[in-house]
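Open the model in your viewer and keep the selection tool at hand. We will move from one stop to the next, and at each one you will see what to select and what is there.

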Amino acid sequence: MSKKGKKIGILTAGGDCPGLNAAIRGVGKTAIVKHGMEVYGFTAGYSGLINKEYFKLDEPKVSGIITLGGTILGTSREKPYKLEKGEEFNDKPDLIRQTYEELDLDCVVCIGGNGTMKTASMMAKEGLNVIGIPKTIDNDVYGTDVTFGFDSAVGIATEAIDRLHSTANSHQRAMVIEVMGHHAGWIALYAGMAGGGDIILIPEIDYHIGKVCKTIEERFAKGKPYSIVVVAEGIDKPKKISAARYVVENIQTYTGIEARETRLGYIQRGGTPSPMDRILATQYGAFATELIADGAYNNMVAVRNNDLAAVPLDEVGGKLRLVDPSDPLILKGRNLGVSFGDE
């Protein structure tokens, strides 16, 4: 049986992404309506905990926000356990504990990506009660099969690829589109496959630029008037040049075929969340509150084999979920003639 009267905090940390407000709503409404909890929202990520910047969340404040992009709490990339250059002492963890104790909180819900989960796990080791909710468009949080924000980003990237098909065909060019993904190529893989990309380059698969150029030459030689190349920003390349620019310059230098680049950048992180992300974020938020009600602290909510699950934070912090080169979608792509620049 759930206990009433608990006091919880919520924060959103790291980069913004679609679905954050849906997750806040899922936590808040379940906590307030079902369990009679008091809920406080901390502003600007962990900075709110450090600087005691918060406000009480009631039901009206968490209503009508499921469709909104961004986060009503604000966010930041504050890393409270990291010593800055030249620092010998860091009082931020003590300030976090002070805020936690002054508000007499039972738990803090930390919504974020890998860095956020790492900080959450460190808070748990300090004796605070924490629940993590995984979000990131990169889909690279370890311990869960999917993060909210990913589906929206894939939809945005896929629409961009769809639009580039007509321009590439009209001008008989190679179009190179760069999507986010410093370490993980999930967006490039899924959007590239969904958008009918001819070449997909991701950080997890070593590619050869010469083979990329050869593939494009072969396509033109077969009478195919254009090529779509989807690249993750984190592929291996020289420093001080974007992934898209590097690929475009090589295509034009070594094939003579006209090539153009498109970099989606922050467009992938903004705007209204997709229906799937709204649902996933809501489920995560509600499940997080149920864990709090049951006293199952220091876990991250997750989806595993299509079921909601609780994963210990100490198994998650500091790890990445990367694309396995033998992923079934990659194998299906190869069977369809998609090149990953390595063959």
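**First stop: around D198**

Select D198 and the backbone nitrogen of I228: the side chain of D198 reaches that nitrogen at 2.7 Å. Bear in mind as you look that this is a predicted model. Now add R219, whose side chain makes a polar contact with the side chain of D198 at 3.3 Å.

To place D198 in the fold, color the loop between α6 (186-194) and β7 (199-201), where D198 is found. Is D198 buried or exposed? Its relative accessibility is 14%, so D198 counts as buried, the cut-off being under 20%. To see what surrounds D198, leave aside its neighbours within four places in sequence and show its contacts: R219, Y226, S227, I228, G337, V338 and S339.

**Second stop: strand β1**

Next, select residues 7-12, which form strand β1. Six of the six residues in β1 are buried. Which residues lie on each side? K7, G9 and L11 are on one side, while I8, I10 and T12 are on the other, and both faces are covered.

Add residues 38-42, strand β2, which pairs with β1 in the parallel sense over four bridges. Follow the chain from β1 through helix α1 (residues 20-34) to β2, and you trace a right-handed β-α-β crossover. For a close look at this pairing, pick I8, which stands opposite V39 in β2.

Now show strand β4 (residues 107-112), which runs parallel to β1 and is joined to it by five bridges. Here T12 has I111 of β4 as its bridge partner.

**Third stop: the nonpolar cores**

Keep I111 selected and add I10, I133, F148 and V247: these are the residues with the most contacts inside the largest nonpolar core, which has 84 residues. Helix α5 (residues 150-171) gives the largest share of this core, with eight residues.

Center on I133 and show what it touches beyond four places in sequence; among these residues are V27, V109, I111, F148, Y284 and V301. Apart from the largest core lies another, of 25 residues. To find this other core, select Y46, I96, L103 and V316, which are among its members.

**Last stop: N114**

Finish at helix α4 (residues 114-125), where you will find N114. With a relative accessible area of 18%, N114 is buried. Not counting residues up to four places away in sequence, N114 touches D140, V141, Y142, K319 and L320.

Notes:
Residues are numbered from 1 along each chain as its sequence is written. This is a predicted model: local features need pLDDT of at least 70, side-chain atom pairs count only at pLDDT 80 or more; totals for chains, interfaces and linings use all residues. Side-chain values use heavy atoms; hydrogens and water are left out. Helices (H or I, at least four residues) and strands (E, at least two) are DSSP runs, numbered from the N terminus. Buried means under 20% relative accessible area, exposed over 50%, partly exposed in between (1.4 Å probe, protein chains only). A polar contact is a pair of N or O atoms within 3.5 Å; within protein, one must be able to donate a hydrogen and the other to accept it, and residues adjacent in sequence count only if both atoms are side-chain atoms. Contact means heavy atoms within 4.5 Å. Two strands pair if DSSP finds at least two bridges between them. A crossover is right-handed if, with the strands pointing away from the viewer, the path from the first strand over the helix to the second runs clockwise. A nonpolar core is a set of buried Ala, Val, Leu, Ile, Met, Phe, Trp, Tyr and Cys residues joined through side-chain atoms within 4.5 Å.
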